[in-house]
Every structure is written in structure tokens, then in C-alpha cells.
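User: Could you walk me through this one? I'd like to go residue by residue where that helps.

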Amino acid sequence: MDNNSGKGGSTHASWTSAMSSFMLSHLANVVAGGTRTSSGFKAVHLNACARAVNERFNSTLTVEQIKNHLKTWQRKFSKINRLRKVSYAGWDEKNFIITLDDEHYNGYIEDHKADADYFNKPLAHYGNNLYV
């Protein structure tokens with residue numbers, strides 16, 4: 001895993017789907033336990049999350065890498081919530097899928113190629129959404 005800390009600070013971390021899921025679940029449990037996170041997670045929660053992920057996956061992730069990965073997922077969740085409002089889009093609540101029929105999908109993706117991965121397939125980790 002490419003996530004060692006050097007003199008210049010933390011380096012790029014390689015995240016597996018299982019690691020992302022574990023991190024998101026850990027932080028969702030913090031929220032479910034009553035911790036208010038309207039201004040973000042406190043250092044104590046991020047430190048605990050880093051320790052838990054590192055113990056579970058025998059990794060050496062830093063708190064900064066946890067924060068950065070959380071920001072990545074926050075951006076994805078925001079995008080998903082925006083895409084759910086696209087004209088003619090449907091929402092499969094059970095499977096977390098934004099649906100678009102072929103005609104509307106092709107028309108939309110023509111102008112928004114980067115959004116293709118968000119339609120008509122299950123959205124990874126969306127059920128762990130923290131809305132933070």
C-alpha cells in the first residue's frame with residue numbers, strides 16, 4: 001500500500017472499497033452515537049477512525065488521509081444528490097440507483113460525460129451516507 005508518510009507529509013493512499021466502506025461506517029457510527037458534526041468531525045474522531053482503519057487493514061493511514069478521503073466521498077455524495085434531480089431521472093431507493101432511460105441517458109451524457117458512472121448502476125457506499 002502506497003501510503004507512507006515522508007518528510008514532506010502524507011503521500012497518496014491507495015483505498016480499497018472495503019477500506020472506504022469501513023471508514024464511512026465508522027464515521028456514520030460516530031454520528032449515530034449522537035455526535036454533532038455540522039462543522040465537521042473533530043480531531044479525536046478522525047484519529048480514532050485512522051486507528052480503527054489501520055488496525056483492521058494493517059495499514060498506516062494518517063489523519064490527513066482520512067480527512068482527504070472523507071472529502072472525496074462528500075463530493076461524490078453531493079454530486080449524487082444533484083444528479084438525482086436531473087430531469088426524467090428516477091431513484092431506486094432499495095439499490096441506490098439513479099435511473100435514466102436510454103434516450104435521456106444518451107442526451108444527458110453527451111454533454112456531461114463525467115457523470116456516466118453515476119447512472120443506471122448501484123452507487124457504492126451510498127447507504128453509508130453521512131451527509132456531513
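User: What is His-45 in contact with, leaving aside its neighbours within four places in sequence?

Analyst: This is a predicted model, and in it His-45 is in contact with His-26, Leu-27, Val-30 and Thr-35, once the neighbours within four places in sequence are left aside.

User: And where does His-45 lie? Is it buried or exposed?

Analyst: His-45 lies in helix α2, and because its relative accessible area is 17%, under the 20% cut-off, His-45 counts as buried.

User: OK, zooming out, how many helices and strands are there in the chain?

Analyst: The chain has four helices and four strands, and along the sequence they follow the pattern β-β-α-α-α-β-β-α. The chain has 132 residues, of which 35% count as buried, while the area it exposes is about 8100 Å², with 49% supplied by carbon and sulfur atoms.

User: What share of the contacts with a separation of 6 or more comes from residues 24 or more positions apart?

Analyst: Residues 24 or more positions apart account for 56% of those contacts in the chain.

User: Now the inside. How many residues are in the largest nonpolar core, and which have the most contacts there?

Analyst: The largest nonpolar core has 29 residues, and Met-23, Ile-66 and Phe-119 are those with the most contacts inside it. Two or more residues of this core come from each of the elements α1 (17-32), α2 (43-57), α3 (63-83) and α4 (102-111), and the largest share, six residues, is given by α3.

User: Let's stay with Met-23 for a second; what is it in contact with?

Analyst: If the neighbours within four places in sequence are again left aside, Met-23 is in contact with Trp-15, Cys-49, Val-53, Ile-66, His-69, Leu-70 and Trp-73. Of these, Ile-66 is also one of the residues with the most contacts inside the core, and Trp-73 also lines the largest pocket.

User: Ah, the pocket. What volume does the largest one have, and which residues line it?

Analyst: The largest pocket has a volume of about 150 Å³, and its lining consists of Trp-73, Lys-76, Ile-80, Asp-117, Tyr-118, Lys-121, Pro-122, Leu-123, Ala-124 and His-125. Sorted by class, that lining has six nonpolar residues, one polar residue and three charged residues.

User: Where does His-125 lie, and what is its phi?

Analyst: His-125 lies in the segment after α4, and its phi is near 65°, a positive value in a residue other than glycine. His-125 counts as buried, because its relative accessibility is 15%, and the cut-off for buried is under 20%.

User: Phe-96 has a positive phi too, right? What is its value, and where is that residue?

Analyst: The phi of Phe-96 is positive, at about 55°, although Phe-96 is not a glycine, and its place is in the loop between β3 (90-92) and β4 (97-99). Phe-96 counts as partly exposed, because its relative accessibility is 25%, which falls between the 20% and 50% limits.

User: Last one, Asp-115: is it buried or exposed, and what is it in contact with?

Analyst: Asp-115, which is found in the segment after α4, counts as buried because its relative accessibility is 4%. Apart from neighbours within four places in sequence, Asp-115 is in contact with Lys-79, Arg-82, Leu-83, Tyr-108 and Ile-109.

User: How far is the C-alpha atom of Asp-115 from that of Leu-83?

Analyst: The two C-alpha atoms are separated by 8.2 Å, although Asp-115 and Leu-83 are 32 residues apart along the chain.

Key:
Residues are numbered from 1 along each chain as its sequence is written. This is a predicted model: local features need pLDDT of at least 70, side-chain atom pairs count only at pLDDT 80 or more; totals for chains, interfaces and linings use all residues. Side-chain values use heavy atoms; hydrogens and water are left out. On a 1 Å grid over the protein atoms alone, a cavity is a set of points where a 1.4 Å probe fits but cannot get out, and a pocket is an open set with protein on both sides within 12 Å along at least five of seven lines; lining residues have an atom within 4 Å of a point. Grid points are joined across faces, edges and corners, and a volume is the space filled by probe spheres set on the points. Ala, Val, Leu, Ile, Met, Phe, Trp, Tyr, Cys and Pro count as nonpolar, Asp, Glu, Lys and Arg as charged, and the others, Gly among them, as polar. A nonpolar core is a set of buried Ala, Val, Leu, Ile, Met, Phe, Trp, Tyr and Cys residues joined through side-chain atoms within 4.5 Å. Buried means under 20% relative accessible area, exposed over 50%, partly exposed in between (1.4 Å probe, protein chains only). Contact means heavy atoms within 4.5 Å. Accessible areas come from the Shrake-Rupley method with a 1.4 Å probe; for residues, only the protein chains shown count as cover.
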